[in-house]
Amino acid sequence: MVSPPMIHRIDAAVTAGAEALFARRRPDGVFAPDAAEDRFSPANTALALIALHLAEQPEQPEQPGKTDPLLARGADRLVKAQRDTGGWAMRGVADEVLTTAVVTDALDLVAPRHAAPAVRAGRQRLTQLGGPEALPEPVMAGLTRQFGVLAGRLDEAALPRLPLEALLLRGPARRLLSLRLPILASMALGQATVRRRTQGLVRRRLNALARPAALAVVREAYEREGASGSFSTDPWLTGLICVGTTRSGLAPDIVRAAAGWLRSEADADGGWELMPLDVTWSSFAAAALLEAGYPDDPRLTATRAMFQDRQQNTPFAALACPPGYWGFSSAHSWPMALETAEISSVLLRLPGGGDDPHVRRGIDWLTRTQDSAGSWSLAVRNSKPGGFGPCPQMTAKAVRALLDHGAGPGDRRVVKAVRWLISRQRTDGSADGSYEALWYRGRTAGTSVVLETLCRTVGAAHPAAARATAWLLRTQADDGSWGGGERGAEPENGGGTVEDTAWALYALLAAGHDPESQPVTAAARYLTDAQRPDGGWAGSPVNEYIRFCYRYADDVIASGLALRALARLRTATASPRPQGSSA
């Protein structure tokens, strides 16, 4: 049996972890990071500076005494945030090509004299990192070159043409671009305007046909948020759409509103943070607290109300998305299958969840957006594979929500999804048995979440579940932790992470692994050792804002995952072991 000291240690960690999460709860029910947590985003800051510069002072050179104070503070903030290497990224993240590229070009544009040394060092670092060509996503490589054009470093004519005419066929465009549709629409409008004089007659006429369709996409996204200027409460998305729309000259009202919103979101020091994740943070925290035995705690009442209030009950017309979904932050955030699945399950487990109409609407949204193949994409049904397309982890979480809502393993939605999951399991070399997760780096997150779902549908003895379990056991580190499970997926220190270890530990327990076994006890020891004196856990850069290009660490997500895993282990150590449990 697990030793009494270890049982006490796990129990104490769960209790302290739960109270640490509750200490982060705001009066509106949102679980949010501590005010001291560094969420400064060099990439968001740089793009906001570019957008504001273009929108509000397009032709104005840098002149002493005439620089916009906010832009000057922002440039200073970026210069001070430059690392000794010459690069930039968010805290805990290794230097990134995308972030370093956009920051150097922003500084070159808004503060060419003041920031000249930082720009030179940034360019050198960018070369060392391999430049835009090193980015695995061609779309993002093209975007970094676009920043170079805006800074006057590259020639517009050298960039690939953005197909404005694609907006004439909105259905295929949605499936190809998903949440990038409004971004592509605005950027293509801007490019078509800038290149108008160099285009032939056929291209000009085609663009004239497509321009109203593209502008309609941008305006639909704008008006659904009350014409506030915000796009999904995200400085990065808002900055991109502001840049494209500014260059097009077609919608000055959208440009003014977007610039005003960006200004309102700046910190006093001129920096912009990563987008708020109110709904995402709270879903991780609430799921952990439910696992830890707090469903009736009155401190979750406001959280339940917040989830209910932020469900979106009108369609997202630009994406042909039905109502009933959740986004990552506000009641106007763009649709996310991950959040919709997670919150549907959380609300169902709270008091009165069985009769909650918000749960039914969330499950209905998942049902209506399931891909034809059985998978789930992030927002648009039948999206093409890629950053927003079919994802094993998203699919597994959607299935879990269906199961929580009463669907059985034989339900047609579940059967199709499980069949797809089994078909997506890796079968090659060291990756054999694993799965990916589009929004978390490495393969531990995807493998762990899929394994949980396989155990609830086809059982832990199924070959796919057994291979996933074997992959997790093979990739555990000597200290009991897990990292991403593949080269390039580990944090800067090269070791494991709280998040990956928590995902894997929970999955092994869900698969019936013996709580007294060495892998389980070693993982538990790692997590309890990593717990901070305040009861929380520090995050590592496992979260993908832009896949392979832009990562971040998050303490609330890490704390929620660790608490959930240890709470599951506490329950397992208090229960009689079933016959035939794994050793």
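Q: How many of the 14 residues of H10 are buried?
A: In this predicted model, H10 runs over residues 235-248. A residue counts as buried when its relative accessible area is under 20%. The helix is largely enclosed by the rest of the structure, because the number of its residues that are buried is 14 of the 14.

Q: What distance does H10 reach from its first C-alpha to its last?
A: H10 has 14 residues, and at 1.5 Å a residue a span of 20 Å is expected. The distance in the model is close to that expectation, at 20 Å.

Q: Which residue caps the N-terminal end of H10?
A: The cap involves the backbone nitrogen of Trp 236. A side-chain oxygen of the capping residue lies 2.9 Å from that nitrogen. The residue is Asp 234.

Q: Is Thr 233 buried or exposed?
A: Thr 233 is placed in the loop between helix H9 (201-223) and H10. It has a positive phi of about 50° although it is not a glycine. The cut-off for a buried residue is under 20% relative accessible area. Because its relative accessibility is 16%, Thr 233 counts as buried.

Q: Which residue just after H10 takes a positive phi?
A: The phi value in question is about 70°. The residue that takes it is Gly 249.

Q: Which helix supplies the largest share of the lining of the largest pocket?
A: The largest pocket has a volume of about 1,000 Å³ and is lined by 47 residues. Elements that each supply at least two lining residues include helix H7 (170-177), helix H12 (278-291), helix H14 (337-349) and strand S1 (543-546). The largest share amounts to 7 residues and comes from H6.

Q: Which residues lie nearest the centre of the largest pocket?
A: By class, the lining of this pocket has 33 nonpolar, 5 polar and 9 charged residues. Those nearest the centre are Val 139, Met 140, Arg 180, Ile 183 and Phe 388.

Q: How far apart are the end C-alpha atoms of H6?
A: H6 covers residues 138-150. At 1.5 Å a residue, its 13 residues should span 18 Å. The distance in the model agrees with this expectation, at 19 Å.

Q: Which elements do the buried residues of H6 pack against?
A: Among the buried residues of H6 are Met 140, Leu 143, Phe 147 and Leu 150. Gly 152, just after H6, takes a positive phi of about 80°. The elements against which the buried residues of H6 pack are helix H2 (42-56), helix H4 (97-110), H8, H10 and S1.

Q: Which helix gives the largest share of the lining of the second largest cavity?
A: A search of the whole structure finds 3 cavities of 30 Å³ or more, and the second largest has a volume of about 40 Å³. Its lining has 4 nonpolar, 3 polar and 2 charged residues. Ala 188, Gln 191 and Ala 192 are among the lining residues. The largest share, 3 residues, comes from H8.

Q: What is the relative accessible area of Ser 178?
A: Ser 178 lies in the loop between H7 and H8. Its phi is near 55°, a positive value in a residue other than glycine. Ser 178 is buried, because its relative accessible area is 1%.

Q: Which backbone nitrogen lies 2.8 Å from a polar atom of the side chain of Thr 45?
A: Thr 45 is in helix H2 and is buried, with a relative accessible area of 0%. A polar atom of its side chain lies 2.9 Å from the backbone oxygen of Ser 41. At 2.8 Å from a polar atom of that side chain is the backbone nitrogen of Trp 272.

Q: How far apart in space are Thr 45 and Glu 273, C-alpha to C-alpha?
A: In sequence, the two residues are 228 residues apart. Thr 45 touches residues including Gly 270, Gly 271 and Trp 272. The C-alpha to C-alpha distance between Thr 45 and Glu 273 is 7.4 Å.

Q: Does Arg 24 count as buried or exposed?
A: Arg 24 lies in the loop between helix H1 (4-22) and H2. It touches residues including Asp 34, Glu 37, Arg 532 and Asp 555. Because its relative accessibility is 13%, Arg 24 counts as buried.

How values were computed: Residues are numbered from 1 along each chain as its sequence is written. Side-chain values use heavy atoms; hydrogens and water are left out. On a 1 Å grid over the protein atoms alone, a cavity is a set of points where a 1.4 Å probe fits but cannot get out, and a pocket is an open set with protein on both sides within 12 Å along at least five of seven lines; lining residues have an atom within 4 Å of a point. Grid points are joined across faces, edges and corners, and a volume is the space filled by probe spheres set on the points. Helices (H or I, at least four residues) and strands (E, at least two) are DSSP runs, numbered from the N terminus. Ala, Val, Leu, Ile, Met, Phe, Trp, Tyr, Cys and Pro count as nonpolar, Asp, Glu, Lys and Arg as charged, and the others, Gly among them, as polar. The expected span of a helix is 1.5 Å times one less than its number of residues. Buried means under 20% relative accessible area, exposed over 50%, partly exposed in between (1.4 Å probe, protein chains only). Contact means heavy atoms within 4.5 Å. A polar contact is a pair of N or O atoms within 3.5 Å; within protein, one must be able to donate a hydrogen and the other to accept it, and residues adjacent in sequence count only if both atoms are side-chain atoms. Lists of a residue's contacts leave out its neighbours within four places in sequence.
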